[in-house]
Amino acid sequence: MIAFSPRASGARVKRLTRPLYVYAALEDFVLLYPVYALLFADHGLSVPEISSLFVIGAVSGMLLEIPSGAWADAVSRRLLLSVGPLLTAAGFALWFLVPAYWSFALGFVLWSAGSSLRSGSMEALVYEELDHLGEAGRYATVMGRVRAAGLVAVAA
């Protein structure tokens, strides 16, 4: 193992975490959050249909989250971190280009797939990079801050 001085190691951790916090905040800074139920209603969906879309989103998110860690081990983590937002963007684009129940449902599945790809690969990549720097013990702190940055972005 390579021995780093505490000072040099801290600088390297900051170089890792700063872009990570920005990425996490941008991932959750979705201006559509407060109005997407209104978008669905505006396109003629009933309350039960809108509710079923939320169920589709939640169930697909849970099901796709399960294999996300395995995907992160089998495929380039950086690739997954790039593809994830593209899937989410494709889902949102589908909502606006083809506003219908089926496209809203498919959009939720794409959003869930993108989120799952990002979460599993991000967690694995962060741990691996911190371990490489000899700072694996800081993983919980770093990931806690990542989640906090995401929550602040959602609230904004």
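Student: Within what distance do the axes of α6 and helix α7 come, and at roughly what angle do they cross?

Tutor: In this predicted model, the axes of α6 and of helix α7 (residues 139–155) come within 10 Å and cross at roughly 140°. The axes are lines fitted to C-alpha atoms, for helices over the stretch in contact, with angles running from 0 to 180 degrees between N-to-C directions.

Student: Why is α6 called oblique to α7?

Tutor: Angles under 35 degrees count as roughly parallel, those over 145 as roughly antiparallel, those from 65 to 115 as roughly perpendicular, and the rest as oblique. The value of roughly 140° belongs to the rest, so α6 is oblique to α7. The crossing of α6 past α7 is right-handed, a term used if the near helix is turned clockwise from the far one by less than a right angle, whereas an anticlockwise turn is called left-handed.

Student: Which residues make the contact, and what classes do they belong to?

Tutor: On the α6 side the contact is made by Met-122, Glu-123, Val-126, Tyr-127 and Leu-130, and on the α7 side by Tyr-139, Val-142, Met-143, Val-146 and Arg-147, where contact means heavy atoms within 4.5 Å. By class there are eight nonpolar, no polar and two charged residues; here Ala, Val, Leu, Ile, Met, Phe, Trp, Tyr, Cys and Pro count as nonpolar, Asp, Glu, Lys and Arg as charged, and the others, Gly among them, as polar.

Student: What numbering and filters lie behind these values?

Tutor: Residues are numbered from 1 along each chain as its sequence is written, and side-chain values use heavy atoms, with hydrogens and water left out. Local features need pLDDT of at least 70 and side-chain atom pairs count only at pLDDT 80 or more, whereas totals for chains, interfaces and linings use all residues.

Student: What makes α3 and α6 count as they do, roughly parallel or roughly antiparallel?

Tutor: The axes of helix α3 (residues 47–65) and α6 come within 8 Å and cross at roughly 30°, and because this value lies on the lower side of the parallel cut-off, the two helices are roughly parallel to each other. α3 passes α6 in a right-handed crossing. Among the α3 residues that meet α6 are Gly-57, Ser-60, Gly-61 and Leu-64, and among their counterparts in α6 are Phe-108, Val-109, Ser-112 and Ser-116. By class, this contact has ten nonpolar, eight polar and two charged residues.

Student: How do you know whether Ser-112 is buried or exposed?

Tutor: Buried means under 20% relative accessible area, exposed means over 50%, and partly exposed lies in between, with a 1.4 Å probe and protein chains only. Ser-112 has 9% relative accessibility, and therefore counts as buried. Ser-112 sits in helix α6 (residues 101–132) and, leaving aside neighbours within four places in sequence, is in contact with Gly-57, Ser-60, Gly-61 and Leu-64.

Student: What is α5 to α6, roughly parallel or roughly antiparallel, and why?

Tutor: Helix α5 (residues 77–97) and α6 pack at an angle of about 160°, with their axes 7 Å apart. That angle passes the antiparallel cut-off, so α5 is roughly antiparallel to α6. The crossing of α5 and α6 is left-handed, and their contact has 19 nonpolar, eight polar and five charged residues.

Student: Why is His-43 classed as buried, exposed or partly exposed?

Tutor: The relative accessible area of His-43 is 37%, a value between the two cut-offs, so His-43 is partly exposed. His-43 lies in the loop between α2 (36–42) and α3, and touches Pro-99 and Phe-104, not counting residues up to four places away in sequence. The C-alpha atoms of His-43 and Ala-100 are separated by 7.3 Å, although the two residues are 57 apart along the chain.

Student: How is Ala-25 placed, and what is it in contact with?

Tutor: Ala-25 is in helix α1 (residues 6–28) and, at a relative accessible area of 23%, is therefore partly exposed. Leaving aside neighbours within four places in sequence, Ala-25 is in contact with Ala-149 and Ala-153.

Student: How many helices and strands does the chain have?

Tutor: The chain has seven helices and zero strands, where helices (H or I, at least four residues) and strands (E, at least two) are DSSP runs numbered from the N terminus. Buried residues make up 36% of the 156 residues.
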